[in-house]
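Work through these short exercises with the model open beside you. Try each task before you read its solution.

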Amino acid sequence: MERIVWNKTPFYRLMAAMLLGVGTSIAPLVLLMFGLIQFKIMSIVGPDAVTSSFGMAAGIASVAIVVLSPLGGMIADKTHVRFGRRRFWMIAGSIGGFACMMGLAYATSMASLIFFWCIAQFFYGLVSLSCYAMIPEQVEQSRFGRASGLVSAAAPIFVMTGSILMGVYADTPVDLKIAVVCAVQLACGIAAALMVRDTYIDPALLPKKDDGVNPFKTGLRNFYPSFKKYPSYTWALLTKLFINFSNAGLTMLTLFYVARFRLSEAEVFQIGSYTGASILLMVIAGVAGGWLSDHFQKQKPFVMGASLITGVCLIFFAFSYNIWSVVVGYFIFNFGFGLYNAVDNALVNRILPSKENAGKDIAIMNITTNLASSLVNFVAPAIIALGVSVMGDDGYTLFFILLSFCSVASFLAVIPIPEVGKAPFARALDESDEHEPVQAASQVNEELSDRHMSQCVELKKA
């Protein structure tokens, strides 16, 4: 079978495009949660019903992205256009996201708002997935850490910039804010697509067996990569899921401040303004960690160390009764989480089962964030109530202890994954022609067998 030749974009031009594409496709969805969607819902249902309506809409949107994200990645992988499948969906996803955000901005009912919210997530997800998938397709493995560190900095930088600008233009109507945010994304998404090179994959060059990943032919059978063939993929997914459980628990910090430290609303927002600077620490940790992992050609020590840092911080939260020590712990936690994200993304790029299905496989990895957030938010009240009855305190001691166990589980799940340069045989199939390693192994076996037979013949003659 003729081997696919992957077009490569110069590294720093690719990174600039990835920063634009990833940052501006994630930022609109995050910025919605910074008051935009809440005030939009309030304009539809009124202030009395906004809490319950927002909870319902956010729940539906979270479930939708868990289903739609892998579907979008699979569709992107199966797109064969001369323009390039990644470039195509960076532009098409930006256009679709813009249309849906405008529909959301001018929605007049909760049904239409939820619909546009869900579909906007789908289209913007296609943009970010297309960007993520270009890293294993175009970047050398020795630069995975640097690439992942830079790309992991994109979303925090754009979210922080967007939140600052929304504060500066606080008096601007919500509809106009949403329109400006999605217009900026549209321009940046198109610019990012035009900056990169892409590869046209002729369907005739793909394996005829298709490995069972085309649901239009085989349904959802083998949609998830086989654990038997690709065990590292499942271990990588588990470590990401557990660390996201730990991170999702920090959404309860506002209520934790009120329950343990008796802070007022104004004091909570004041603490939030202090801790917001930890985003910069997260970015620095990610970029530095990615560079160091490439320099030392090691990934597991960084990922495992970062997991332990988050676990220690959560234990610190559990037993701390000083608000400023919690603030310091929050900074250290974000340092560890930023380090984890950058190097773990490089690890994921390395152990992906194939480049051809990278979008779908990365999308499955990415839903761990939404899945963990949904589950933690669902069970947190019950765990805190259990902590109150069992330990007789505010309930958060037990809550943070259990979250620290998730960080330990994330640490343990990294252990079975091979280190850089020690990838399993299944991964090697993707680095060259699909049948060459198998043929080479068969030739070695035949040579050994022939050698053994000749030795036996010589012994008989003797």
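The exercises below go from the whole chain to helix pairs and then to the cores.

**Exercise 1. The whole chain**

Find how many helices and strands the chain has, and what share of its residues is buried.

Solution. Keep in mind that this is a predicted model. Start with the elements: the chain has 18 helices and 0 strands. Next, take burial. Of the 462 residues, 50% are buried. Finally, look at contacts with a separation of 6 or more. Residues 24 or more positions apart account for 83% of them.

**Exercise 2. Helices α3 and α4**

Describe how helix α3 and helix α4 run relative to each other.

Solution. Two packed helices are described by the angle between their axes and the distance between the axes. Locate α3 at residues 85–105 and α4 at residues 110–138. Their axes come within 8 Å. They cross at roughly 160 degrees. Angles over 145 degrees count as roughly antiparallel. Therefore α3 and α4 are roughly antiparallel to each other. The crossing of α3 past α4 is left-handed. Now sort the residues of this contact by class: 19 are nonpolar, 6 polar and 3 charged.

**Exercise 3. Helices α12 and α14**

Work out how α12 lies against α14, and which residues meet.

Solution. Helix α12 covers residues 278–296, and helix α14 covers residues 323–351. The axes come within 7 Å and cross at roughly 40 degrees. That angle makes α12 oblique to α14. The crossing of α12 past α14 is right-handed. Go on to the residues. From α12, the contact includes G286, G289 and G290. From α14, it includes F331, F335 and G338. By class, the residues of the contact of α12 with α14 are 10 nonpolar, 7 polar and no charged.

**Exercise 4. The nonpolar cores**

Which residues have the most contacts inside the largest nonpolar core, and which helix gives the most to this core?

Solution. The largest nonpolar core has 61 residues. Inside it, Y233, F256, Y257, F399 and F400 have the most contacts. Helix α14 gives the most to this core, with 12 residues. Take F399 and set aside its neighbours within four places in sequence. F399 is then in contact with G249, M252, V376, A380, I383 and I384. There is also a second, separate core, with 35 residues. M101, A107, F122 and I178 are among them.

Key
Residues are numbered from 1 along each chain as its sequence is written. This is a predicted model: local features need pLDDT of at least 70, side-chain atom pairs count only at pLDDT 80 or more; totals for chains, interfaces and linings use all residues. Side-chain values use heavy atoms; hydrogens and water are left out. Axes are lines fitted to C-alpha atoms, for helices over the stretch in contact, and angles run from 0 to 180 degrees between N-to-C directions. Helices (H or I, at least four residues) and strands (E, at least two) are DSSP runs, numbered from the N terminus. Angles under 35 degrees count as roughly parallel, over 145 as roughly antiparallel, 65 to 115 as roughly perpendicular and the rest as oblique. A crossing is left-handed if the near helix is turned anticlockwise from the far one by less than a right angle, and right-handed if clockwise. Contact means heavy atoms within 4.5 Å. Ala, Val, Leu, Ile, Met, Phe, Trp, Tyr, Cys and Pro count as nonpolar, Asp, Glu, Lys and Arg as charged, and the others, Gly among them, as polar. A nonpolar core is a set of buried Ala, Val, Leu, Ile, Met, Phe, Trp, Tyr and Cys residues joined through side-chain atoms within 4.5 Å. Buried means under 20% relative accessible area, exposed over 50%, partly exposed in between (1.4 Å probe, protein chains only).
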